[in-house]
Amino acid sequence: MSGQPEVWRGRRVVLGVSGGIAAYKAIELCRRLVDDGAHVIPVLTEDALRFVGELTFSALASERARTSLFTTEGTPIPHTHLGQTADVVLIAPATARIIAKYAAGISDDLLSATLLATRAPVVLAPAMHTEMWEHPAVQENLATLRRRGVHIVDPESGRLAGGDVGEGRLAAPERILDAAAGVLTRNGDLAGVRVLVSAGGTREAIDPVRFIGNRSSGKMGHAVARQAAARGARVTLVTTAVPADIDGIDVVPVVSAQDMHDAILGRFDACDVVVMAAAVADFRPKAVADSKIKKSEGPPDIILEPTPDILGELGAAKQGQVLVGFAAETENVEANGGEKRVRKNLDLLVANDVSAPNAGFEVDTNQAILLDSSGASEHTPLLTKVALADVILDRVTVLIGRGSAHQDQEQR
Ligand code: PMT
């Protein structure tokens, strides 16, 4: 195991393996990541296949190993799919060749094309002979990549292929995994911050059997809670959908908008940040029938009344807390979101078009417009909900005075 299962569980890791003798060590990385719950997709270059077997990786990883840009199986454009759905791309070993191609923007195989098609953080663990490692061409390429926000795990000194000794040996697996975990968790930039997150769709009872509900699965809110905890926050998750495997998070199960209101308002004074990702019903039946409404009595008249506006109340009562709301929209997303941000007195509003493909309810991806109190808007690309959670939390670190807008851009 990598020793950090809470970081890796559910993460999609593209594990790139390029052609060097250290390729055999990537097998161990693959195994450890899978043991810790990561979803690992190995991508091997043609030269890597001279050192290690495709079958070995396919047997150990979460999906079969990928080796070609051109395939008739699955998606016809595997590099964009891999790049867009990855939470992190980790290349170990990274040869001088893949480093050079990445720095120059060359995409002539699946791994180099995936590198250009991803917005996920990229971690490279180079391995090569000392002379190659020290060559100005390699060092200049690495400097270029560092400037672009790529994370490099420097090699170590030791025995190299052919019996030589010197700098260039692939870093130990622990160092590589720690570095990648640090990238994913932004090195604990939310340590000690008390974050209250809501998730899921509320259910408003009509009678003991029926309710008015919505399509929220809780995935978006769970991603925010998990990412905040991974970044060191003390997280309370108020949710209608209790997730499995949510270690280190205080989970408060609720059902209705009123339950959620009471759970959140009761904890508001003791938190620093609130992220309301839940889809809270705006209306509920005014009266709840004590027993099941009989079909034989014909369609009932259900009179609705408004539920409490939780965020609205928080916005009116806040005393230094950072408030983040969502807006589920199907039209005029930016304008409607902006209006909600102002009306509810929010520091940040995440507006998503829930009618867009692969965004909004139930799916693992989302796309949003972030609106803040300066009036600025940021349109994100389609991201995994985990990656969007990190984008939101990057903004939160700035709002609580722990991060800089410039760093956040670099980390993406
Ligand atoms: O859970 P998933 O399947 O992953 O789907 C994610 C999501 C689509 C639910 C999520 O991304 C999202 O958009 N959540 C907000 C849904 C919503 O209720 O939007 P709204 O525009 O109706 O409400 C605006 C904000 O006010 C929201 O932060 C909401 O939590 C809050 N609200 C709404 C009503 C109410 N009575 N009290 C509230 O606090």
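The points below describe a predicted model of a single protein chain, going from overall dimensions to cores, one helix and some backbone details.

1. Overall dimensions. The chain has 412 residues, and a compact globule of that length would have a radius of gyration near 22 Å; the value here is 24 Å, which agrees. Along the principal axes, the C-alpha atoms fill a box of roughly 85 × 50 × 35 Å.

2. Secondary structure and contacts. The protein chain contains 15 helices and 21 strands. Taking contacts between residues at least 6 apart in sequence, 65% join residues at least 24 apart.

3. Burial and surface. Of the 412 residues, 50% are buried. The exposed area is about 18,400 Å², and carbon and sulfur atoms supply 51% of this area.

4. Charges. There are 42 positive and 52 negative side chains. The centres of these two sets lie 1 Å apart.

5. Largest nonpolar core. This core has 34 residues, and the members that touch the most others are Trp8, Val13, Val17, Leu33, Phe57 and Ile176. At least two residues each are supplied by helices H1 (5-8), H2 (25-35) and H9 (173-184), and by strands S1 (12-17), S2 (39-44), S3 (88-94) and S4 (122-126). H9 gives the largest share, with six residues.

6. Another core. Apart from the largest core lies another one, of 33 residues. Its members include Leu237, Phe326, Leu348 and Leu388.

7. Helix H5. This helix spans residues 96-104, and its buried residues are Ala96, Ile98, Ile99, Lys101, Tyr102 and Ala103. Lys101 is thus listed with the buried positions of H5. The cover over the buried residues of H5 includes strands S3 and S4, together with helices H6 (110-116), H7 (130-134) and H8 (136-147). After H5 comes glycine 105, with a positive phi near 75°.

8. Cis peptide bond. The bond from alanine 92 to proline 93 is cis, with omega near -5°. Proline 93 sits in strand S3, a strand that is also among the elements covering the buried residues of H5 and that supplies at least two residues of the largest core.

9. Asparagine 187. Although not a glycine, this residue has a positive phi of about 50°. Asparagine 187 belongs to the loop between H9 and strand S8 (194-199). With a relative accessible area of 69%, asparagine 187 is exposed, because exposed means over 50%.

10. Asparagine 358. Here too a residue that is not a glycine has a positive phi, of about 60°. The loop that holds asparagine 358 runs between strand S17 (348-353) and strand S18 (365-366). Its relative accessible area is 46%, so asparagine 358 is classed as partly exposed.

11. Glycine 53. This glycine lies in the loop between S2 and helix H3 (54-60). Its relative accessible area is 30%, so glycine 53 is partly exposed. Glycine 53 and isoleucine 27 are 26 residues apart along the chain, and their C-alpha atoms are separated by 9.8 Å.

Key: Residues are numbered from 1 along each chain as its sequence is written. This is a predicted model: local features need pLDDT of at least 70, side-chain atom pairs count only at pLDDT 80 or more; totals for chains, interfaces and linings use all residues. Side-chain values use heavy atoms; hydrogens and water are left out. Helices (H or I, at least four residues) and strands (E, at least two) are DSSP runs, numbered from the N terminus. The radius of gyration is taken over C-alpha atoms; the globule rule is 2.2 Å times the number of residues to the power 0.38. Buried means under 20% relative accessible area, exposed over 50%, partly exposed in between (1.4 Å probe, protein chains only). Contact means heavy atoms within 4.5 Å. Accessible areas come from the Shrake-Rupley method with a 1.4 Å probe; for residues, only the protein chains shown count as cover. Lys and Arg count as positive and Asp and Glu as negative; His and the chain ends are not counted. The place of a charge is taken as NZ of Lys, CZ of Arg, CG of Asp or CD of Glu. A nonpolar core is a set of buried Ala, Val, Leu, Ile, Met, Phe, Trp, Tyr and Cys residues joined through side-chain atoms within 4.5 Å.
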